[in-house]
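Student: Could you take me closely through one part of this model, the nonpolar core, and tell me which elements build it and how they meet?

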Amino acid sequence: MTIILSIETSTELASAALLTDDGIIFQELSGVQTHSQGILPMVQALLAQGGVSLSQCDTIGFGCGPGAFTGVRTACGIVQGLAFGADLEVVPVVSLLAMAEGARTSAQQVGHPEFICVLDARMEEVYWARYRHTGAGWQTLSEPALSSFAQLLAIADFSIAALVHGNGLKLEGVPAGTATIPCMPHAKQVAYLALAGYRNGDAVSAAQAQPLYLRNKIALTTEERLLAKQEAAAGKGNA
């Protein structure tokens, strides 16, 4: 029997799940401020309910982001502590992919082969990625990215893709007729994706449990642009 423990804290909805051959059980809570205090009690309750110990789990899946910085750091820290203590490997799962998996199994899924998953990133920006599900599993068509929603709408083709969106996202400008599916990242989907990843050999050591934080790339680009401006100014001064 393969046993997967999973957590997802990248948004205001925190969740934990335990997947066994008997099925899946889960708990959830809302409110970013409660994530760090609430996730471990949920994990302990699930293990007790499932009648298993942490060391009996085969791996721990976790939503690695993108999402709220505090949330994804919380997930990484808790997963590392649990995994180090029980000598387990972990499986990082992109939170946007967990949304796609949730949408795929949703009653609102109407046969679309592709999913464009979008989360509010604040600062008038969104996290998004595009996925396609086939008989062999998931394909990533567009890697997780950070942009304005308007920029996404300008390049996205919703004729064959459903728009999967989290809470708080204003759907202004979405083309008429677009299939929209509300769906938040959840530990249930993280568990199933982690199981697939575990069987595929994607588990990594606890030390490699790192967040996917896309704004690092934006900060680097800003620094590079500032440096380029400084170099250009210096070049004009020497001319």
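Tutor: What follows looks at the core, then at a pair of helices, and last at confidence.

This is a predicted model, and the mean pLDDT of its protein chain is 89, with 87% of the residues reaching 70 or more. The largest nonpolar core has 31 residues, and those with the most contacts inside it are Leu96, Phe115, Cys117 and Tyr131. At least two residues of this core come from each of β5 (90-94), α3 (95-104), β6 (114-120), β7 (126-134), β8 (137-147), β9 (161-165) and α5 (187-199), and α3 gives the most, with six residues. Setting aside residues up to four places away in sequence, Cys117 touches Leu96, Met99, Ala100, Tyr127, Trp128, Ala129, Tyr131 and Val164. A second core, separate from this one, has 29 residues, among them Leu29, Leu54, Cys57 and Leu88.

Turning to the two helices, the axes of α3 and α5 come within 9 Å and cross at roughly 100°; because angles of 65 to 115 degrees count as roughly perpendicular, α3 is roughly perpendicular to α5. In their contact, Leu97, Ala98, Glu101 and Gly102 of α3 meet Gln189, Val190 and Leu193 of α5, and by class these comprise four nonpolar, two polar and one charged residues.

Some stretches call for caution: pLDDT stays under 50 over residues 217-222, for which the model has one contact beyond four places in sequence, and the pLDDT is also below 50 over residues 235-239, a stretch with zero contacts beyond near neighbours in sequence. Where pLDDT is low, predicted coordinates should not be read in detail.

Definitions and conventions
Residues are numbered from 1 along each chain as its sequence is written. This is a predicted model: local features need pLDDT of at least 70, side-chain atom pairs count only at pLDDT 80 or more; totals for chains, interfaces and linings use all residues. Side-chain values use heavy atoms; hydrogens and water are left out. A nonpolar core is a set of buried Ala, Val, Leu, Ile, Met, Phe, Trp, Tyr and Cys residues joined through side-chain atoms within 4.5 Å. Buried means under 20% relative accessible area, exposed over 50%, partly exposed in between (1.4 Å probe, protein chains only). Helices (H or I, at least four residues) and strands (E, at least two) are DSSP runs, numbered from the N terminus. Contact means heavy atoms within 4.5 Å. pLDDT is the predictor's confidence in each residue, from 0 to 100. Axes are lines fitted to C-alpha atoms, for helices over the stretch in contact, and angles run from 0 to 180 degrees between N-to-C directions. Angles under 35 degrees count as roughly parallel, over 145 as roughly antiparallel, 65 to 115 as roughly perpendicular and the rest as oblique. Ala, Val, Leu, Ile, Met, Phe, Trp, Tyr, Cys and Pro count as nonpolar, Asp, Glu, Lys and Arg as charged, and the others, Gly among them, as polar.
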